[in-house]
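Reader: I would be grateful for a close look at one part of this model, namely the packing of its interior. Please state the cut-offs behind each term as it arises.

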Amino acid sequence: MKRMIKNFSVCATLIIVASIVLTGCPTPPPINEGGLENGSTLSGTLTQDVTLTKGNTYYLDGEYIVPEGITLNIEEGVTIIAKYDDIVDYLLVKQGGKINAVGTADAPIVMTSEKKESGAWGGIHLCGKARTNAEGGTGSSEIGGAPYGGTEDNDNSGCLSYVRVEYTGYAFDEEHEANGITFYAVGNGTVIDHCEAYMGADDGFEWFGGCVNVSYLVAKNCSDDSFDWTEGWTGNANYLVAYQENAETLGYDCDCLIEADNNENNYIANPTSHPIISNATLVGNGGAKQGIRLRRGTQVNLATITVCGKGIPVSVESTETEQALVDGISSMKNVTASAELTSEKGIYTNDNFINDGNKVDASLSLSYDDILKNNSWMSGAWVK
């Protein structure tokens, strides 16, 4: 990750009133017979709407940019393969542009690389017009330098449904590594569901502000954080799975399952990060690192969460983050952890955690097969 108010943002308030609704992408338009030919190379900036046709394979060569007013349509069963050479490959949707990538459980959209190793290419980057607490209320994407942020919380960057991204995490330098899918101030008009980040060298999914809602996300074997937020993200996340294979067999260690900030330079920046996370299974690959790491002023509502496989399954850091939990601005309910919660400031302690209806189960351990058994929504070819 690069980079106290007592009320949720307007965006989050609307979410609470409406409750968690499981939605999918709008019905896609009929197959476009005039779509790009099978085997075409994707490169440069689009100048008109483009359709990648059902079942075809395409090759990503360098940056592929969707600018304002342009829509990239990707139909079910499409495979996009990033070429492995000295040119960095990534997909960037700028403010006002849209991507409608609509796969199915058995015919997902797969974005992968010629080189089947983490860090091979640069992933997907969506830039929206919703609010962020980045300095000045706007920022530039770490990859591509595109502007993001504004005041349009209902902004719509399109739809990603049944999409898997593999082997992302290209390192531009020590400060700029590409996640699987990155959301920059993406608004809640955008639909994100049934997406997997697989074998990435940085984070699986990361949010920089915005209020996009997500559901049915899987982060598997991502070397940094599985899920990561900062800069005031206030969306809903319903049904999440993070899994990290043992380092001995995976070949590398992994960081947190969730790493959460408000703003690393200003813990009380507004809007305050305050997502609502429900129904998550988080399994780490051992070591002394954190599972759920809440810090730097973030607020959050966690409900029905299982977290194990990390030396510190739940940690809370910073006065602002801990006080919000004590005051009931944030909450943890029905969270089961494999070890006691750790508190940096001693404000919200393991005793508070237990008294809030959570529990510690030192015997808690889950295999990947256990995860699949307990999460029937992961069935189909879209999860690897």
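Author: The answer below moves from the overall fold to the cores, the rings, one helix and finally some individual loop residues.

This is a predicted model, in which local features need pLDDT of at least 70 and side-chain atom pairs count only at pLDDT 80 or more, while totals for chains, interfaces and linings use all residues. Residues are numbered from 1 along each chain as its sequence is written, and side-chain values use heavy atoms, with hydrogens and water left out.

The protein chain has five helices and 28 strands; these are DSSP runs numbered from the N terminus, helices being H or I of at least four residues and strands E of at least two. Of its 384 residues, 59% count as buried, a term that means under 20% relative accessible area, with exposed over 50% and partly exposed in between (1.4 Å probe, protein chains only).

The largest nonpolar core holds 66 residues, and Leu-72, Ile-74, Phe-205, Trp-207, Phe-227, Leu-282 and Met-332 touch the most other members. Strand E3 (residues 57-66) gives the most to this core, with four residues. Such a core is a set of buried Ala, Val, Leu, Ile, Met, Phe, Trp, Tyr and Cys residues joined through side-chain atoms within 4.5 Å. Beyond residues up to four places away in sequence, the contacts of Ile-74 (heavy atoms within 4.5 Å) include Leu-52, Ile-80, Ile-99 and Met-111. A second, separate core of 15 residues includes Tyr-162, Leu-366, Trp-377 and Met-378. In soluble globular proteins, nonpolar side chains tend to be buried together.

Tyr-162 also belongs to a cluster in which ring pairs link it with Tyr-216, Tyr-239, Trp-377 and Trp-382. Rings of Phe, Tyr and Trp (its six-membered ring) pair if their centres lie within 6.5 Å; planes under 30 degrees apart are stacked, over 60 edge-to-face and the rest tilted. There are 13 aromatic pairs in the structure. In one of them, the centres of Tyr-148 and Tyr-184 are 5.0 Å apart with planes at 40 degrees, so the pair is tilted. This pair joins distant parts of the chain, with Tyr-148 in strand E11 (residues 147-148) and Tyr-184 in strand E15 (residues 181-184), 36 residues apart. Both Tyr-148 and Tyr-184 are buried.

Helix H3 (residues 319-327) has Thr-321, Glu-322, Ala-324 and Leu-325 buried. Seen down the axis of H3, its buried residues fall within an arc of 155 degrees, so they line one face of the helix; the arc is that of the directions from the helix axis to the C-beta atoms. Their cover includes strands E23 (290-294), E25 (312-316), E26 (331-337) and E27 (342-343). Just after H3, Gly-328 takes a positive phi of about 85 degrees.

Some polar residues are enclosed as well. Lys-310, in the loop between strand E24 (301-308) and E25, is buried with a relative accessible area of 5%. Among the residues that Lys-310 touches are Gln-244, Asp-255, Asn-285 and Ser-338. Glu-231 lies in the loop between strand E19 (227-230) and strand E20 (236-243), and is buried with a relative accessible area of 1%. Glu-231 has a positive phi of about 60 degrees although it is not a glycine.
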